[in-house]
Structure formats: structure tokens, C-alpha cells
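Here is a structure to read with a few questions in mind. Each answer sets a value against a cut-off.

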Amino acid sequence: MQYQSTRDKSISVSSAQAIKQGLSSEGGLFVPESFPTITGAEIKALTEMTYNERAKFILGKFLTDFTDEELTKCVNSAYTKEKFGTSAIAPVYKLDDTVYVLELWHGPTCAFKDVALQILPHLLTTSMKKTNEDKEVVILVATSGDTGKAALAGFQDVDGTRIIVFYPDNGVSEIQKLQMVTQEGNNVSVAAVKGNFDDAQNGVKKIFTDEEYKTLLARNKFSLSSANSINWGRLVPQIVYYFSAYAELIKSSDIENGDEINVVVPTGNFGNILASYYAKKMGLPVRRFICASNENNVLTEFINTGVYNKNRPFHTTISPSMDILISSNLERFLYDLTGCDDAAVRDLMAKLASDGVYEVSADVKAKMQSMFSANYCDDAETMAAIRKTAKEYDYVIDTHTAVAKAVYDKYVAETGDRTKTIIASTASPFKFNQSVLIALEDHNAVVGKDEFTLLDELSQKSGMKIPDSLAALKDKSVVFDLVCDKNEMQQTVSDFLMVE
Ligand SMILES: *Cc1c(COP(=O)(O)O)cnc(C)c1O
């Protein structure tokens with residue numbers, strides 16, 4: 001299977017090349033030239049498999065240039081009971097006879113990004129070998145919180161890689177900062193940047209586009225890469241858990257093979273929900289995709305009107321991982337909806353860059369609306385959804401999952417659609433303990449309490465065990481106290497790699 005670029009479909013590369021490159025040279029994203037199909041009989045066979053076997057089966061359909069042995073190694077290095085606390089990796093929790101929660105947060109950093117970022121380093125190093133690349137990969141990340149830690153945990157001690165993460169010194173939560181500065185591993189580095197997330201992001205972009213600096217690194221046998229969500233190697237592992245969840249529902253006799261389900265996804269960059277759409281293209285019986293946003297509701301408006309307009313106020317919400325105005329993976333969706341029209345995608349993306357707004361054709365809009373519904377909720381509704389879910393089901397969800405639940409409830413109220421539904425749960429409630437405790441009680445529940453007291457109290461209230469990785473932070477020592485100016489970031493990278 002070859003991969004083409006969304007902005008120039010005459011480009012054709014292997015999956016190893018697509019994963020190694022991340023982004024196509026003219027700025028497009030890599031997509032498979034066709035979608036493999038999974039038959040009903042194959043879905044039935046999935047029910048008898050472990051998560052790792054399912055992952056290998058689905059990945060094998062796309063990464064056709066990887067050998068069986070390579071795929072096995074990548075999958076088994078990433079998905080272990082030790083790292084995910086459960087060999088189910090992505091277990092399904094039944095709320096009632098219609099609603100099921102797909103728990104994607106059992107990984108080492110307690111958010112769904114682990115599912116992709118635990119395997120990406122292995123896919124990437126295998127891709128480097130397959131394309132005869134002799135340099136060491138250096139991953140540069142600017143993070144507003146979740147991605148940085150998930151990338152550090154994924155790349156920790158992976159041979160042939162180094163990783164350096166920059167975070168804004170006053171822009172991440174206490175627990176996120178603790179998670180990063182206590183990171184262990186002999187190939188990792190973490191630095192705070194004096195500034196906000198944009199400063200960190202711009203600094204990283206500047207390093208990526210500095211040809212002279214990249215030549216210097218190449219002479220020292222280093223090659224820069226990024227772990228961001230547009231890499232095909234991050235998207236393809238996300239397709240797996242939708243098939244896995246469907247197989248689990250067949251296994252528990254909640255559905256019969258072939259029954260349609262709905263999928264609800266709390267969305268930011270459009271990666272997770274796109275993976276579910278790709279699963280449908282391959283044969284997973286999905287009736288409707290419900291795209292849930294917080295007050296940064298650019299996708300709600302897009303799906304409902306066909307107009308994408310990023311010119312709007314940016315809201316800081318209690319579901320910060322969805323505070324996004326440019327959903328980069330939407331480009332892949334547009335490519336698909338336009339029938340692989342690279343010129344049309346180029347045109348839309350040029351409009352987004354110049355005007356911050358574009359409108360899709362009536363055809364594309366109709367096609368999108370035949371499959372997708374979209375809505376959003378504000379922070380008060382998010383809080384109410386946490387409270388209501390705890391009360392009705394004795395089950396505590398995090399703020400991102402709560403956005404999905406609130407939007408799902410609105411959808412059911414509007415449509416009366418009682419199709420069995422999977423809600424993607426993207427973070428552990430412990431990761432956003434402050435907001436969750438306020439939702440369950442009130443503001444007094446958190447004032448003057450440190451992170452570890454809050455974890456204990458949430459554990460008591462929810463009856464859930466504190467994730468080992470968060471509990472362990474208490475006894476970890478700070479490894480990184482590096483703070484740099486925003487114009488010293490390149491020097492920080494050089495110091496880490498010992499190049500001059
Ligand atoms: C990244 C993230 C999301 C958004 O996922 P996308 O694939 O970017 O749409 C939602 N919830 C949590 C907790 C996340 O970390």
C-alpha cells in the first residue's frame with residue numbers, strides 16, 4: 001500500500017517513508033491511496049483475539065511494507081499490561097443498555113494519546129531502518145501539557161531516539177509539570193520556556209525550518225522529527241480501538257455482528273474522530289459520528305454550516321486538550337469527502353492560511369452531514385455532565401469525556417436516536433482532579449489542598465484507584481529544572497545533543 005499527499009496526489013511513498021517524514025514536502029498530509037476492507041468474518045475473528053493481535057491485524061492492513069516480525073515487535077513493545085495496567089489496553093465500560101464508554105486512558109500518562117504515542121517510537125525507528133536512515137531521530141515537542149508527557153513516556157529509552165520537550169513555564173497545570181520534570185530515561189530532556197505556549201511552539205517551528213541548523217545536526221548524525229498528531233504513525237493505531245470495542249460488544253452479546261453503532265468523540269485536532277471514520281470506511285458498521293466540542297466550537301459550526309472559520313475568540317476551558325481553533329487532521333477528512341481532489345484541498349487550505357475561513361461545496365457539506373452530527377457545550381454543562389453521570393451510574397468521568405457525554409445527551413434529546421453508542425473517554429478523571437472534584441461537590445472541595453490530597457479525595461469519592469503513575473509522582477525527584485529564554489531554545493537543543 002502506498003501513501004499520497006492530500007495536496008499533491010502524484011506523490012506516492014511507502015508507509016515507512018510517510019511515517020519517517022511526518023509531513024509531505026509541499027505541506028500536505030499523507031493518506032493511504034485506498035482503504036483496506038475488513039469483512040464480517042474478519043470482525044468475528046477479532047472477537048477471539050487479544051488487543052495486541054487485533055492491533056497487529058489492523059496495522060498489517062495499512063503498513064504493508066512492515067514484516068510480520070516487525071509489526072509484532074512494535075505492537076508488543078507498546079501495549080503491555082505493565083504500561084496500561086490491563087491487558088485489555090482499551091476496555092469498554094457499560095453505562096447502560098445503550099451507552100458504552102471506551103476507556104482510552106489506561107496508559108502511562110492517563111490520557112488517550114498514550115495509545116498512539118506508545119507505539120509511534122517503535123513504528124518510527126523501524127521506518128528509519130527500513131529506509132536505510134543511519135541518523136538518530138531527535139524529537140522536538142512544544143507542549144501545552146498532555147502531548148509532551150505522553151511523547152516523553154513513549155520515547156523513553158527507545159534506542160536510536162532522543163527527545164526534548166519545551167513547555168511554557170506558566171502554562172501547564174501543576175500535575176502536568178510534575179509529570180514532565182520527573183521524567184526518567186537516558187535519552188530525554190525537558191525545559192521550561194519563559195513565555196506562553198505560542199512562544200514555545202514558535203521556537204520549535206523556528207528550529208525545524210532553520211536549514212543551516214539542520215545541516216549542522218545532520219553532520220552530527222541527527223535528524224529532527226516531530227511527534228505531532230498529523231503523523232500517519234499516530235493515526236493508524238487509533239483505528240484499532242474502534243474495531244476492538246466493537247468486537248468486545250459482540251463478545252459480551254450487547255450487539256450482534258453487523259449491528260450499527262453510533263460513536264461520540266470529544267474532539268480537538270480531529271484525529272480521534274477521523275480514526276473512527278476510517279474504521280467505517282474499512283467496514284465497521286457505524287451509523288452516525290457525533291463530534292463533540294467545548295466552547296471552541298469551530299468544528300460544530302463547520303459540520304452544521306459547511307463554513308470553517310477560525311477567526312473567533314479563543315476560550316480557555318476546563319477541557320484544555322480540546323482548546324484548539326485549527327484542527328489539522330480535518331485536511332484528511334476534506335480530501336476524502338472531495339473524492340481525493342488534491343486541488344480542492346490545496347485551495348481550501350490556502351484560504352484558511354490567508355483568510356482564516358473557507359466554505360466547502362454543497363455536495364461536500366451534504367455528504368458530511370449524512371454521517372456526522374456536531375454540537376458543543378460550555379464549562380457549566382461539562383460540570384453538570386460529570387455530576388449527572390456520577391449520580392446516575394456511579395461512574396466518574398473527566399472533563400473531556402464529559403463534553404462528549406453532554407453533547408450525546410443533547411443529540412438523543414433532539415433526535416430520539418437510541419442506537420447503541422460508544423463514547424470515547426479520553427482522559428482519566430484523576431488527571432483533571434480539580435475540575436472533577438468541583439463538579440462532584442463545589443469550590444470548597446479544592447481550596448488550599450495540594451495535588452496529592454486532591455487525588456486521595458477523588459479516589460474516595462469515586463471509588464476508583466489512583467493511577468499508579470500519578471500516585472508515584474509524590475516520591476519522584478525533579479530531574480529537570482532547566483529554564484530557558486525563548487530565543488535560547490536552539491542552544492538548549494545543542495547542549496542536550498552536545499553539538500556546536
Ligand atoms: C488530545 C485530546 C483530545 C482531542 O483529540 P483529537 O484527536 O485532537 O481530536 C481530547 N481529549 C483529550 C484528553 C486529549 O488529550
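Q: What makes the pair formed by an oxygen atom of the ligand and a polar backbone atom of Gly 268 a polar contact?
A: In this predicted model, the two atoms are 2.7 Å apart. The cut-off for a pair of N or O atoms is 3.5 Å, so the pair counts as a polar contact.

Q: How do you know that Asn 269 and Asp 146 also make polar contacts with the ligand?
A: Asn 269 places a backbone N or O atom 2.7 Å from an oxygen atom of the ligand. For Asp 146, a side-chain N or O atom is 3.3 Å from a ligand oxygen. Both values are within 3.5 Å, so both pairs qualify. The protein buries 96% of the 380 Å² that the ligand exposes when taken alone.

Q: Which residues come nearest to the ligand, and how does the shell divide?
A: Of the 15 residues around the ligand, the nearest are Lys 113, Gly 268, Asn 269, Asn 272 and Thr 426. The shell holds five nonpolar, eight polar and two charged residues.

Q: Why is the link between Lys 405 and Asp 409 called a salt bridge?
A: Their closest N and O atoms are 3.0 Å apart. The limit is 4 Å, so the pair is a salt bridge. Both residues lie in helix α19 (residues 399-415), four residues apart, about one turn of the helix. They also belong to a network of salt bridges with Lys 388 and Glu 392.

Q: Why is Lys 405 called buried or exposed, and what about Asp 409?
A: Lys 405 has a relative accessible area of 5%. Buried means under 20%, so Lys 405 is buried. Asp 409 has 25%. That value falls between 20% and 50%, so Asp 409 is partly exposed.

Q: What makes Lys 449 and Glu 457 a salt bridge, and how accessible are they?
A: The closest N and O atoms of Lys 449 and Glu 457 are 3.0 Å apart. This is within 4 Å, so the pair counts. Lys 449 has a relative accessible area of 29%, and Glu 457 has 23%. Both values lie between 20% and 50%, so both residues are partly exposed.

Q: How many salt bridges does a search of the whole structure find?
A: The search finds 27. Another one of them joins Lys 135 and Glu 133, at 3.0 Å from N to O.

Q: How do you know that strands β1 and β2 pair?
A: Two bridges join β1 (residues 3-5) to β2 (residues 8-13). Pairing needs at least two bridges, so these strands pair. They run antiparallel. Ser 5 has Asp 8 as its bridge partner in β2. With two residues between them, β1 and β2 form a hairpin.

Note on methods
Residues are numbered from 1 along each chain as its sequence is written. This is a predicted model: local features need pLDDT of at least 70, side-chain atom pairs count only at pLDDT 80 or more; totals for chains, interfaces and linings use all residues. Side-chain values use heavy atoms; hydrogens and water are left out. A residue is near a molecule or strand if one of its heavy atoms lies within 4 Å of it. A polar contact is a pair of N or O atoms within 3.5 Å; within protein, one must be able to donate a hydrogen and the other to accept it, and residues adjacent in sequence count only if both atoms are side-chain atoms. Accessible areas come from the Shrake-Rupley method with a 1.4 Å probe; for residues, only the protein chains shown count as cover. Ala, Val, Leu, Ile, Met, Phe, Trp, Tyr, Cys and Pro count as nonpolar, Asp, Glu, Lys and Arg as charged, and the others, Gly among them, as polar. A salt bridge is a side-chain nitrogen of Lys or Arg within 4 Å of a carboxyl oxygen of Asp or Glu. Buried means under 20% relative accessible area, exposed over 50%, partly exposed in between (1.4 Å probe, protein chains only).
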